[in-house]
Amino acid sequence: MTSGICAGRVVAVTGAGRGLGRAHALAHAAEGARVVVNDLGVRADGSGAPDGGAGAGNPAYAVVDEIRATGGEAVAHGGDIATSEGAASLVATALDTYGRLDALVNNAGFLRDRMLVNLDQDDWDAVLRVHLTGHFLPLKHAAAHWRAEAKAGRVPHACVVNTSSGAGLLGSVGQGNYSAAKAGILGLTLVAAAELAAYGVRVNAIAPAARTRMTERTFADTMAAPGDGGFDAMAPENVSPLVVWLCSTASADVTGRVFEAEAGRITVMEGWRAGPTADKGARWTPAEAGETARALLADAGTPGPVYGAR
């Protein structure tokens with residue numbers, strides 16, 4: 001059952017050809033939004049993208065067909081959102097097709113997992129580029145449009161939903177590049193929420209756990225669909241309702257927040273907070289600093305486990 005919570009809104013979703021992005025695009029369309037479905041059409045490691053991401057080989061076009069088959073409105077975008085030109089064209093596609101842009105869901109990404117000592121700089125750069133730069137550039141171009149609208153007296157009810165990960169919150173063994181990128185997205189989210197509030201723009205982030213091309217092999221045992229027809233806890237569709245709500249005007253007072261979303265559970269993440277502290281009022285000696293740090297650690301909580309730790 002749908003409520004039309006996003007009726008009349010225009011939402012751009014990056015990496016929307018498969019997995020979480022596809023689920024978000026379909027869920028927004030089901031709630032009345034017109035959707036710009038972005039995907040470059042690459043493989044799970046970022047390679048490929050025949051024909052520059054355009055054409056029948058790009059899954060974005062199949063998602064658009066799915067939306068239109070149910071009476072919804074959608075348009076495909078095959079540009080590379082980790083380039084300024086591609087990110088600008090994403091915003092332009094929304095404006096040229098529908099005359100407005102109300103929400104941006106940054107979701108695109110891929111994996112190139114290696115232990116740190118085996119991680120090539122090319123694989124580091126590629127993952128940082130698609131995840132972190134691929135969040136920054138669409139956000140920058142969308143924000144420039146919304147700022148111009150606000151300065152013209154048309155303050156928008158705009159929203160950005162960024163996609164981090166448990167790896168960004170806690171770290172993940174064998175995913176140093178991915179964890180760093182996803183942690184960077186959290187910092188970007190907090191800064192953008194503060195900077196863009198005056199222009200009517202809200203910025204939040206999710207840290208989802210779901211079955212996608214990136215997780216079904218890395219975490220195959222926990223991501224498998226149930227064989228008995230029961231609740232599919234790892235279905236990407238479980239995450240999308242929260243994203244749809246965040247992109248609606250119903251969440252107009254929510255910004256600068258990070259949510260974990262998995263199966264039927266939603267958790268507000270509270271980030272770094274000051275724990276035990278000591279102040280000498282003067283410079284410590286190394287021995288004093290070490291003794292004090294040990295005492296503070298004894299009073300501190302136990303940190304969460306690193307993903308993938310053995």
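Student: Before we look at any loop, how are helices and strands defined here?

Tutor: Helices and strands are DSSP runs, where a helix is H or I over at least four residues and a strand is E over at least two, and they are numbered from the N terminus. This is a predicted model, in which local features need pLDDT of at least 70 and side-chain atom pairs count only at pLDDT 80 or more, while totals for chains, interfaces and linings use all residues. Residues are numbered from 1 along each chain as its sequence is written, and side-chain values use heavy atoms, with hydrogens and water left out.

Student: Where is A263 placed?

Tutor: A263 sits in the loop between β7 (258-262) and β8 (265-269), and although A263 is not a glycine, its phi is positive, at about 55°.

Student: At what angle do the axes of helix α3 and helix α4 cross?

Tutor: Two packed helices are described by the angle between their axes and the distance between the axes. Axes are lines fitted to C-alpha atoms, for helices over the stretch in contact, with angles from 0 to 180 degrees between N-to-C directions. Helix α3 (residues 84-98) and helix α4 (residues 121-151) have axes that come within 8 Å and cross at roughly 45°. Angles under 35 degrees count as roughly parallel, over 145 as roughly antiparallel, 65 to 115 as roughly perpendicular and the rest as oblique, and α3 and α4 are therefore oblique to each other.

Student: Which residues in α3 and α4 meet?

Tutor: Contact means heavy atoms within 4.5 Å, and by that rule S84, A87, A88, L90, V91 and L95 in α3 meet L137, P138, H141, A142 and H145 in α4.

Student: Is T93 in helix α3 buried or exposed?

Tutor: Buried means under 20% relative accessible area, exposed over 50% and partly exposed in between, with a 1.4 Å probe and protein chains only. T93, which lies in helix α3, counts as buried because its relative accessibility is 16%. Leaving aside neighbours within four places in sequence, T93 is in contact with V36, V75, H77 and Y98.

Student: How many disulfides does the structure hold?

Tutor: A disulfide is a pair of cysteine sulfur atoms within 2.5 Å, and the structure holds zero of them. C159 is in no disulfide, and its nearest cysteine sulfur, that of C247, is 4.6 Å away. C159 counts as buried because its relative accessibility is 0%, and C247, at 0% relative accessibility, counts as buried too.
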